[in-house]
Protein chains: 2
Amino acid sequence: MCNVVAISSMSMVPRFQRARSPAAREAAEEAILDAARDLAAERRVRSVTLTAVAEMIGMHKSALLRYFETREGDPLLLTREGWQEWSPQLQHDLRSLRKPTPASVARVFARTLAARGLFCDLLAHTPLNLERNVSLDAIREFKLATHAEVEAIIEVVREMLPILNEDGALDLISATTALAGSLWQIATPGPEVAALYRSDPRLALAVVDFEPRLARILTRLLEGSARR
Amino acid sequence: MCNVVAISSMSMVPRFQRARSPAAREAAEEAILDAARDLAAERRVRSVTLTAVAEMIGMHKSALLRYFETREGDPLLLTREGWQEWSPQLQHDLRSLRKPTPASVARVFARTLAARGLFCDLLAHTPLNLERNVSLDAIREFKLATHAEVEAIIEVVREMLPILNEDGALDLISATTALAGSLWQIATPGPEVAALYRSDPRLALAVVDFEPRLARILTRLLEGSARR
């Protein structure tokens with residue numbers, strides 16, 4: 001997430017409107033993704049608009065739309081990138097466990113996600129974006145890329161916890177992505193909303209600590225699944 | 001979800017621009033919520049725009065904004081309404097269980113949610129909407145109303161499964177709402193996307209059957225939690 005690099009590198013890229021060679025097109029696409037990633041990390045995924053991305057890289061919005069179909073296509077690319085960055089780290093940390101148990105496996109999931117706020121934010125948006133303004137080709141590519149990661153993770157989880165069957169490992173991933181998306185949103189309110197939650201004891205349920213809560217739920221789920 | 005009634009009842013309501021009495025204001029608010037609910041059920045929550053709601057009830061968009069702060073305030077009201085409708089039914093069905101077990105309790109959660117697609121759709125949007133363009137008062141009211149339902153549900157769940165502690169029951173609700181939101185989106189793609197998933201065996205993971213999948217995950221979670 002280096003805003004300065006993303007912005008200053010822009011001057012090195014040929015004018016995007018003329019980026020007709022594959023290399024120039026790729027450079028433009030990368031610049032757009034860099035800008036979207038920085039904006040999302042800074043302001044949350046939901047606040048990233050095509051206009052803001054276009055402004056950040058000095059490209060006209062209509063030109064930008066030549067690279068990305070829609071506002072929704074862009075977060076999908078970031079989410080895919082997020083899976084491809086998280087998954088190897090998760091697999092590595094799982095394999096490094098000396099004594100894999102439901103609790104220690106769950107803690108690795110929770111810890112690696114807690115360190116990836118932008119990815120968690122994106123996970124909450126993905127199911128909604130897939131249904132809106134995204135081409136079938138983009139959906140297919142996204143699904144193939146993320147499913148490859150899901151399958152790799154399932155394999156490692158089952159190596160670590162051989163008592164777990166295929167369904168149990170798949171349920172772990174479903175629960176992880178659903179909960180990471182929603183708990184992260186709940187656990188990281190803006191400063192005003194956070195102050196509201198702390199100020200009123202009737203709102204105590206709204207105060208959520210992301211990593212321990214996610215670890216606890218995934219531990220119980222794995223313990224239940226491991227009994228089969 | 002009766003479009004016809006919602007639209008035709010409009011002619012009975014005084015012109016909204018002049019709705020200055022509390023009763024007229026209430027009627028206008030109700031008409032707006034009716035329209036938003038019908039549109040959301042028909043086209044999905046994400047597609048509901050202020051413009052579409054305004055058109056449906058023949059009110060100018062700027063007039064509509066006098067009743068609802070923002071595009072995001074409206075789904076929150078529908079979500080609150082959704083909790084207040086789902087929760088009593090859930091509690092009733094839980095209390096009617098002859099032999100409450102983790103599996104039978106989980107099945108009641110899954111069955112009552114599978115019958116409420118709009119509520120599931122709304123649940124996926126709520127954590128995102130709470131952080132955007134919604135006043136602190138609206139957030140407080142929303143949280144107080146939904147927490148009252150969460151607490152009532154926790155109480156009934158613990159009556160049915162006394163082995164479950166407070167945390168276990170709370171985790172059940174967190175997992176339920178997160179999974180209902182995300183699984184429902186995944187399980188109900190539009191016809192084109194559904195055809196894509198069926199056409200390519202590499203996309204088999206994307207085909208999800210909402211009710212059995214949710215029931216299975218919640219059963220495992222409850223079994224894990226009940227061991228404590």
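1. Salt bridges first. In this predicted model, four salt bridges are counted between chain B and chain A. One of them pairs A:Asp171 with B:Arg216, and their closest N and O atoms sit 2.5 Å apart. With a cut-off of 4 Å for the nitrogen and the carboxyl oxygen, that pair qualifies as a salt bridge.

2. Polar contacts next. The rule picks out four residue pairs in polar contact across the interface of chain B and chain A, with both residues at pLDDT 80 or more. On the helix side, α7 (117–129), α8 (136–160), α9 (166–187), α10 (191–199) and α11 (210–226) of chain B each bring at least two residues to the side that touches chain A. The top contributor there is α9(B), with ten residues. By residue class, that side of chain B splits into 22 nonpolar, ten polar and 20 charged.

3. Now the extent of the contact. Chain B puts in 52 residues and chain A puts in 52 residues. About 5,000 Å² is buried between the two chains, and carbon and sulfur atoms account for 62% of that area. If you want residues to look at, try B:Arg46, B:Leu128 and B:Leu205: they supply 14% of what chain B buries against chain A, more than any other three residues.

4. Last, how do the copies relate? A turn of 180 degrees with a shift of 0.0 Å along the axis lays chain B on chain A, at an RMSD of 0.0 Å. That makes it the relation of a two-fold axis. Both copies use the same surface, as 100% of the contact residues of chain B recur in chain A.

Terms used. Residues are numbered from 1 along each chain as its sequence is written. Chains are lettered from A and ligands numbered from 1 in the order in which they are written. This is a predicted model: local features need pLDDT of at least 70, side-chain atom pairs count only at pLDDT 80 or more; totals for chains, interfaces and linings use all residues. Side-chain values use heavy atoms; hydrogens and water are left out. Contact means heavy atoms within 4.5 Å. Buried area is the accessible area (1.4 Å probe) that two parts lose on being put together, summed over both. A salt bridge is a side-chain nitrogen of Lys or Arg within 4 Å of a carboxyl oxygen of Asp or Glu. A polar contact is a pair of N or O atoms within 3.5 Å; within protein, one must be able to donate a hydrogen and the other to accept it, and residues adjacent in sequence count only if both atoms are side-chain atoms. Helices (H or I, at least four residues) and strands (E, at least two) are DSSP runs, numbered from the N terminus. Ala, Val, Leu, Ile, Met, Phe, Trp, Tyr, Cys and Pro count as nonpolar, Asp, Glu, Lys and Arg as charged, and the others, Gly among them, as polar. Copies are superposed by least squares on the C-alpha atoms of residues with pLDDT of at least 70 in both.
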